[in-house]
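Student: I should like to work through this model step by step. May we begin once the sequence and structure are in view?

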Amino acid sequence: MKHIEKDFGTPEVLDYENELKKNLLDKDSLSDNSVHPTMKGKHVYDTVKSFSSFEKLKKILFDEQGGICCYCGCRLEYPKQPQYIVEHVFPKEKDRTIAGEYENFLLSCRPTEAEEKNRQKVSKKEGRKFFHCDKSKDSEVIAITPLQIDCHKYFVYDEFGGVKGVDTKAEKDIETLNLNCKWLCDRRLAAIEGEIYDDNFELLPDDELRQRLETIMNKDATGKYAEFCFVVKNVIEGLL
Ligand SMILES: [Zn+2]
């Protein structure tokens, strides 16, 4: 997990928040039970999705995450063939007041059509193990979120693609988000191998690993992070 910094001052966020307030769907308005008395979190979100300012807000979310999933770090595509879901950090089903708030929105990866089809071939219970991130989390509450500045400290990645939590809270979150599913372990392993070994599959010397460490968290010219950049960073730090 990587910390995601929110900027409440951008024109796109301000426009969105104004539209939210105008429709009495902001946190303060919805804290009053007499406002939209029968409206639940899901309906709040269904309504804000149709706002004219919502599309631009999604672009802001994409940019502030540097185009990678808020939980696993895989690449999100935008705007073509969206492979992301707007994720409510705190479930919209459990608190309607923040169901439409920017502060509670992140972008999570979503399964591709091919993956969805594969999952449909097995039972619902079995199928869950293929999902990860938002699709696995559903309406569960997680203890550590990308909105916490120190969230990266709770997860330790190994050079074989696996991840462990430093405490029981983190372990539970890994389970909730299914961050150790085969798909993610395989993808992380490929990303790690590409960064820590030379062409003969020998581990790079420390000075070269240090050089990789210096640039691994840089965004590219289009403002995107490398896929699983924080995973590779953590693995290299562990090796040095
Ligand atoms: Zn993900």
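Tutor: Certainly; please bear in mind that this is a predicted model. We may start with a loop residue: Phe201 is found in the loop between α9 and α10.

Student: Is Phe201 buried or exposed?

Tutor: The cut-off for an exposed residue is 12 or fewer other C-beta atoms within 10 Å. Phe201 has 7 C-beta neighbours inside 10 Å, and therefore counts as exposed.

Student: What is the phi of Phe201?

Tutor: Most residues other than glycine have a negative phi. Phe201 is not a glycine, yet its phi is positive, at about 65 degrees.

Student: Which residues are in contact with Tyr197, leaving aside its neighbours within four places in sequence?

Tutor: Tyr197 also lies in the loop between α9 and α10 (206-215). With 13 C-beta neighbours inside 10 Å, Tyr197 counts as partly exposed. Its C-alpha atom is separated by 9.3 Å from that of Leu209, 12 residues apart along the chain. Beyond the sequence neighbours just excluded, the contacts of Tyr197 are Glu202, Leu203 and Leu204.

Student: Is Asn178 buried or exposed?

Tutor: Asn178 is found in the loop between α8 and α9. Its phi is positive, at about 55 degrees, although Asn178 is not a glycine. A residue needs 20 or more other C-beta atoms within 10 Å to count as buried. Asn178 has 21 such atoms, so the class of Asn178 is buried.

Student: Which helix gives the largest share of the largest nonpolar core?

Tutor: This core has 48 residues, and those with the most contacts inside it are Cys69, Tyr71, Cys72, Val231 and Val232. Elements that each supply at least two of its residues include α1 (11-22), α4 (54-64), β2 (105-109) and α11 (229-239). The largest share is six residues, and the helix that supplies it is α11.

Student: How are α1 and α4 oriented to each other?

Tutor: Two packed helices are described by the angle between their axes and the distance between the axes. For α1 and α4 the angle is about 140 degrees, and the axes are 9 Å apart. Angles over 145 degrees would count as roughly antiparallel. The two helices, α1 and α4, are therefore oblique.

Student: How many charged residues are in the contact of α1 with α4?

Tutor: Glu12, Val13 and Tyr16 in α1 meet Phe54, Lys56, Leu57 and Ile60 in α4. By class, this contact has five nonpolar residues and no polar ones, and its charged residues number two.

Terms used: Residues are numbered from 1 along each chain as its sequence is written. This is a predicted model: local features need pLDDT of at least 70, side-chain atom pairs count only at pLDDT 80 or more; totals for chains, interfaces and linings use all residues. A nonpolar core is a set of buried Ala, Val, Leu, Ile, Met, Phe, Trp, Tyr and Cys residues joined through C-beta atoms within 7 Å. Helices (H or I, at least four residues) and strands (E, at least two) are DSSP runs, numbered from the N terminus. Axes are lines fitted to C-alpha atoms, for helices over the stretch in contact, and angles run from 0 to 180 degrees between N-to-C directions. Angles under 35 degrees count as roughly parallel, over 145 as roughly antiparallel, 65 to 115 as roughly perpendicular and the rest as oblique. Two residues are in contact if their C-beta atoms, placed from the backbone, lie within 7 Å. Ala, Val, Leu, Ile, Met, Phe, Trp, Tyr, Cys and Pro count as nonpolar, Asp, Glu, Lys and Arg as charged, and the others, Gly among them, as polar.
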